[in-house]
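Visitor: I have a new structure open and would like to learn how to read it. Could you walk me through it, one feature at a time?

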Amino acid sequence: MEEPKNNQLEIDLNHEVAQGTYANLAIIAHSTSEFIVDFVRLMPGVPKPEVKSRIIMTPENAKRLMLALQDNIRKFEQDCGVIRLVQEGPGSNVPRFPIDIEPKGQA
């Protein structure tokens, strides 16, 4: 009988990519065949923020990413506590992601 094969993927991570890129805003767009995620760094006093990275993926892989993020956020919150979303307000110099918790049409 054959032993089950190990389904682990060996991935190369070079030093430059391993350093990461800081972004505090994601802009997401889509077409019928792809999702485009632009990661932007907004900094106080910088008039024109720039896209630091753009990721283009299939709708299926975008959904897999969403599910993986949901799972990781759930695990993080179990270990570290609930992540609080701060609403944009007076004196805020960095826009925050808009949140819409309740489905449209329900109070």
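Guide: Gladly! Keep in mind that this is a predicted model. Let us start with one residue: Phe76 lies in helix H2.

Visitor: Is Phe76 buried, partly exposed or exposed?

Guide: With a relative accessible area of 42%, Phe76 is partly exposed, because a residue is called buried under 20% and exposed over 50%, with partly exposed in between. Phe76 also belongs to a nonpolar surface patch of about 550 Å². Its partners in that patch are Leu65, Leu69, Ile73, Ile83 and Leu85.

Visitor: What percentage of the residues of the protein count as buried?

Guide: Of its 107 residues, 9% count as buried. The protein exposes about 10100 Å², and carbon and sulfur atoms supply 55% of that area.

Visitor: Let me step back to the overall layout. Which pattern does the protein follow along the sequence?

Guide: The pattern is α-β-β-β-α, made up of two helices and three strands.

Visitor: How should I read the strands?

Guide: The general idea is that strands of a sheet pair through backbone hydrogen bonds, either parallel or antiparallel. In this model, three strands form an open sheet in the order E1-E2-E3, and the pairing is antiparallel. Strand E1 (25–30) and strand E3 (50–57) are the edge strands, each pairing on one side only. On average, neighbouring strands of this sheet are turned by 20° against each other, direction ignored.

Visitor: How many bridges join E1 to E2?

Guide: Six bridges join E1 to strand E2, which covers residues 35–41. You can follow the pairing residue by residue: Leu25 has Val40 as its bridge partner in E2, and Ala26 stands opposite Phe39. E1 and E2 form a hairpin, with four residues between them.

Visitor: Where is His30 placed?

Guide: His30 is in strand E1. Its relative accessibility is 60%, so His30 counts as exposed. Try comparing position in the chain with position in space: His30 and Met57 are 27 residues apart along the chain, and their C-alpha atoms are separated by 9.5 Å.

Visitor: Which strands does helix H2 touch?

Guide: Helix H2 (residues 59–80) packs on the sheet, where it touches E2 and E3. The direction of H2 makes about 115° with that of E3.

Visitor: I would also like to understand the charged side chains. How many salt bridges are there?

Guide: Side chains of opposite charge can pair when their charged atoms come close. Here the count comes to five salt bridges. One of them joins Lys52 and Glu50, at 2.6 Å from N to O. Lys52 counts as partly exposed at 32% relative accessibility, and Glu50 counts as partly exposed at 45%.

Visitor: Why are Arg64 and Glu60 separated by about one helical turn?

Guide: They are four residues apart in helix H2, which means about one helical turn between them. Arg64 and Glu60 form a salt bridge, with their closest N and O atoms 2.6 Å apart. Both residues are exposed.

Visitor: What about Asp71 and Arg74: how far apart are they in helix H2?

Guide: Asp71 and Arg74 are three residues apart in helix H2, so they too are separated by about one helical turn. Salt bridges that share partners join Asp71, Arg74 and Lys75 into one network. Within it, the side chains of Asp71 and Arg74 meet at 2.5 Å, N to O. Asp71 counts as partly exposed at 26% relative accessibility, and Arg74 counts as partly exposed at 41%.

Note on methods. Residues numbered from 1 in each chain as written. Predicted model: local features only at pLDDT ≥ 70, side-chain atom pairs only at ≥ 80, totals over all residues. Heavy atoms only, no water. Pairing = 2+ DSSP bridges. Axes fitted to C-alpha atoms, helices over the stretch in contact; angles between N-to-C directions. Contact = heavy atoms within 4.5 Å. Buried < 20%, exposed > 50% of the residue type's maximum accessible area, 1.4 Å probe, protein only. Areas by Shrake-Rupley, 256 points an atom, 1.4 Å probe, with all protein chains shown as cover. Patch = residues over 30% accessible without salt bridge, like charges linked within 9 Å, V, L, I, M, F, W, Y side chains within 5 Å. Salt bridge = Lys/Arg side-chain N within 4 Å of Asp/Glu carboxyl O.
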